[in-house]
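Me: I would like a close look at a single part of this structure, explained slowly enough for a first-year student. Please take one pair of packed elements and follow it through from start to finish.

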Amino acid sequence: HRRVTANDARWTSDVTMCASFARRQSRSRASDAPSAQSVRELNHQLDREPSPADAKLVTVDPRDVLAHAARSTSDSDASASDADDGATSDPIDYDEPLLAQLERLGDAYDAWVTRARLGATSTRLFRNPALEALSKTHWSVVPVFWMPVIAYVLYCGYVKVIEDGRSGAFAAAVFVASARGAWPTFEYIIHRFVFHAKRRREHRWAIWNQLHYLFHGCHHKHPQELLRLVFPLTVSVPVGYAAARACSAVFASGYAEFAAAGFQFGYLTYDMTHYAVHGNLFGLGDHALKRRRVKHLRHHYDDHTSGFGVTSSALDAVCGTLPRTH
């Protein structure tokens, strides 16, 4: 047991409510649009203001809350699965490394991976302990590694710009445009068209299922697994380096560093925002990022074909993929 505030307990209940909402919709899939009554109910519960009682300290065992959610999810998923696609049981043994088992799923992988297991907070992907360790990253690794890198790249760009007598204001504009434009665009494209790509039956190879699960599927299957909410350095460093090389090909020396730093800062913002809305880091998920948290949870528990933007919803609005709110 640990001593937490009632708001912490409500955070888990919010996730459970989203899952309950999604299960109700899956059982009435004959209609494409959710019922107005169920959506209003979800909005009311998620958007309610904390009551004075929420400020009281209570003793809560998070494992009890998650166990209750897991039992509820298991029972409802079983009935929904029988009604929707005739599946009789989950062929995956969650006590064994998962990646090697995904070939059992075949064409059922897409439906399986988007059905979250709320009660599971830790799973094993690899039998090899070194590979397993590399697949997990504590959130603090991201700012500790990337903030000095971004600062150094900015410094190098600043020196080149000043030495050549070029415009510092333009360099700052390049940084902002890269952080608030290039990164959110990249984030949206990768999330929607790669991680959630619709594949033809003849292209559903076992190796694709394993790669998809490794990079994104594990997060959808186990969205509360905190050590897999941010990208490991084995992924983010090559992407950051490739972005820097691309910026060097597009911009002049000096401005290229500002563009690369902006892109890397955009990534840093993304990972911290993503962790905050899932893990409620420093209470941000309940306050400053509350609306973003609600939208992202709907992506997980209501409709995984909408809400692809994490740091920005602008492209969701432009492309018509904003989550339903009413």
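Reply:
**Helices α6 and α10**

In this predicted model, helix α6, which covers residues 141–163, packs with helix α10, residues 255–279, at an angle of about 160 degrees, and their axes lie 8 Å apart. Because angles over 145 degrees count as roughly antiparallel, α6 is roughly antiparallel to α10. The crossing of α6 and α10 is also left-handed. Sorted by class, the residues in the contact of α6 with α10 are 18 nonpolar, 2 polar and 3 charged.

Turning to α10 by itself, we can check its length with a simple piece of reasoning. At 1.5 Å a residue, the 25 residues of α10 should span 36 Å, since the expected span is 1.5 Å times one less than the number of residues. The end C-alpha atoms of α10 are 36 Å apart, which agrees with that expectation. As for its surroundings, 22 of the 25 residues of α10 are buried, so this helix is largely enclosed by the rest of the structure, where buried means under 20% relative accessible area. After α10 comes Asn280, whose phi is positive, near 55 degrees.

It helps to set this pair within the whole protein, which has 12 helices and 2 strands, following the pattern β-α-α-β-α-α-α-α-α-α-α-α-α-α along the sequence. Of the 326 residues of the protein, 45% count as buried. Finally, among contacts between residues at least 6 apart in sequence, 75% join residues at least 24 apart.

Conventions: Residues numbered from 1 in each chain as written. Predicted model: local features only at pLDDT ≥ 70, side-chain atom pairs only at ≥ 80, totals over all residues. Heavy atoms only, no water. Axes fitted to C-alpha atoms, helices over the stretch in contact; angles between N-to-C directions. Helix = DSSP H or I, 4+ residues; strand = E, 2+ residues; numbered from the N terminus. Parallel < 35°, antiparallel > 145°, perpendicular 65-115°, else oblique. Left-handed = near helix turned anticlockwise from the far one by under 90°. Nonpolar A, V, L, I, M, F, W, Y, C, P; charged D, E, K, R; others polar. Buried < 20%, exposed > 50% of the residue type's maximum accessible area, 1.4 Å probe, protein only. Contact = heavy atoms within 4.5 Å.
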